[in-house]
Amino acid sequence: MRAKKRYVILVVESDFFKDSDPGEKLHEWIKELYGIYGVSKIHLREVFRIRKNVYIFSISASAKDFFRSIFILDGCHIFKVIKVTGSLRKAIRIARSIPKPGLLNDSKERN
Amino acid sequence: MSKKPRFIDAYATEIPIEKLKEVSLDEILNYAFEVYSLARKTGYYGCVIAARFSKYSRNIRAYSKRLDEAIATARENGVNCFSRCHIEASQQSEFKRILKAIRFNCDLISTSPQNRQLMAFSSRDHRIDILTLIPGKIPPFYSGDLKEIKCQEKFVEITVASLFTNNTLDPHRLGILAEILKVLGRKEIAVIVSTGPLSPYAPRDPRSLLSFTKIFLGLDQAKLAKDLSQGILKRITENQYKRAGKMPVRGVLIEG
């Protein structure tokens with residue numbers, strides 16, 4: 001049977017990952033909080049990259065809370081979770097609609 | 001009407017009393033703008049800026065008033081921030097003196113009781129809105145205290161800052177809190193999670209806090225989301241009415 005997935009749209013807010021991969025950092029946090037059990041349960045995988053700072057990751061649907069909770073370790077605001085969706089098509093559509101970094105900050109300030 | 005919860009960071013940051021003595025109104029205002037923009041970026045609708053009082057002095061009233069004025073000015077400029085006074089006295093007499101002085105100068109009053117006497121007092125006194133739990137320093141809760149907290153619709157607060165030691169999550173502290181929150185959950189007491197006195201201000205995404213507390217502390221996600229948004233906003237509004245003289249007693253609102 002096919003496992004249910006969720007797609008997480010993440011924006012990397014800083015220049016933290018010039019040389020490394022954000023997926024590695026996420027895996028590190030998962031291991032820090034939940035160990036190997038967490039890694040196997042969440043089953044994190046990078047599926048799409050819209051621009052250099054907008055990523056779509058797939059996670060196991062039953063481990064959504066496990067995944068969201070790892071961002072308690074993000075004290076430096078490296079990541080911003082934009083949305084968790086049930087279909088990749090919707091995730092891509094949302095990710096494509098995210099304005100570029102400069103524009104993103106401007107629009108937030110206006111709000 | 002939008003269904004999206006408007007999360008409030010109920011303990012966004014803290015201005016030390018030494019700073020309140022020195023800084024001008026404009027500096028507090030700028031600080032409030034900075035904190036608010038960071039809170040908005042993280043996903044909060046608004047934030048509460050606190051001042052901590054641990055000793056009584058004659059100027060306490062003036063300091064709390066200054067903070068409140070700056071926050072009120074920020075609010076007039078469209079910033080959703082509120083003022084809070086956190087009392088951390090070790091003796092009840094001093095606690096009461098501080099409380100009397102700051103009472104009408106802030107939107108929220110909180111305390112972190114460190115002994116049994118203060119726990120009994122702060123859970124019964126109507127002026128206190130939030131009881132902050134600091135793992136390792138929590139005096140025992142008795143059923144009378146819990147009954148009063150629930151009856152007066154007070155909040156019990158956990159701060160993210162208190163969960164960390166040396167930038168790592170402390171499993172011992174999490175264990176202590178999970179035990180206490182199990183009892184509070186059974187009694188249906190409102191619990192909130194906020195950032196706490198972290199320096200520099202490092203708010204966490206409110207939804208990640210909901211997930212984290214669900215998994216590690218066994219809190220009900222829907223109830224926590226409601227308390228973190230509507231619940232705390234309702235309490236702030238009530239206090240603002242009280243301060244304006246529009247609410248002589250809880251439940252009675254003078255219109256017009």
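This is a short tour of chain B in a predicted model, moving from its overall form to its contacts with chain A and then to its nonpolar core.

Begin by selecting chain B as a cartoon, where nine helices and nine strands can be picked out. Its radius of gyration is 17 Å, close to the 18 Å that the globule rule gives for 256 residues, and chain B is therefore as compact as a globular protein of that length. If you align the view to the principal axes, the C-alpha atoms of chain B fill a box of roughly 45 × 40 × 40 Å. Colouring by burial would mark 43% of the 256 residues of chain B as buried. Among the contacts in chain B between residues at least 6 apart in sequence, 73% join residues at least 24 apart.

Next, show chain A as well, and select the 13 residues of chain B that are in contact with 10 residues of chain A. Two elements of chain B each give two or more residues to this side, namely helix 2 (25-42) and helix 8 (206-217). Helix 8 of chain B gives the most, with seven residues. Coloured by residue class, the side of chain B that touches chain A divides into five nonpolar, two polar and six charged residues.

Finally, hide chain A and turn to the largest nonpolar core, which has 91 residues; those with the most contacts inside it are B:Ala32, B:Cys47, B:Val48, B:Ile49, B:Cys81, B:Ile98 and B:Val191. Centre the view on B:Ala32, which, leaving aside residues up to four places away in sequence, touches B:Ile49, B:Ala70, B:Ile71, B:Ala74, B:Val79 and B:Cys81.

Terms used:
Residues are numbered from 1 along each chain as its sequence is written. Chains are lettered from A and ligands numbered from 1 in the order in which they are written. This is a predicted model: local features need pLDDT of at least 70, side-chain atom pairs count only at pLDDT 80 or more; totals for chains, interfaces and linings use all residues. Helices (H or I, at least four residues) and strands (E, at least two) are DSSP runs, numbered from the N terminus. The radius of gyration is taken over C-alpha atoms; the globule rule is 2.2 Å times the number of residues to the power 0.38. A residue is buried if 20 or more other C-beta atoms lie within 10 Å of its own, exposed if 12 or fewer, and partly exposed in between; C-beta atoms are placed from the backbone. Two residues are in contact if their C-beta atoms, placed from the backbone, lie within 7 Å. Ala, Val, Leu, Ile, Met, Phe, Trp, Tyr, Cys and Pro count as nonpolar, Asp, Glu, Lys and Arg as charged, and the others, Gly among them, as polar. A nonpolar core is a set of buried Ala, Val, Leu, Ile, Met, Phe, Trp, Tyr and Cys residues joined through C-beta atoms within 7 Å.
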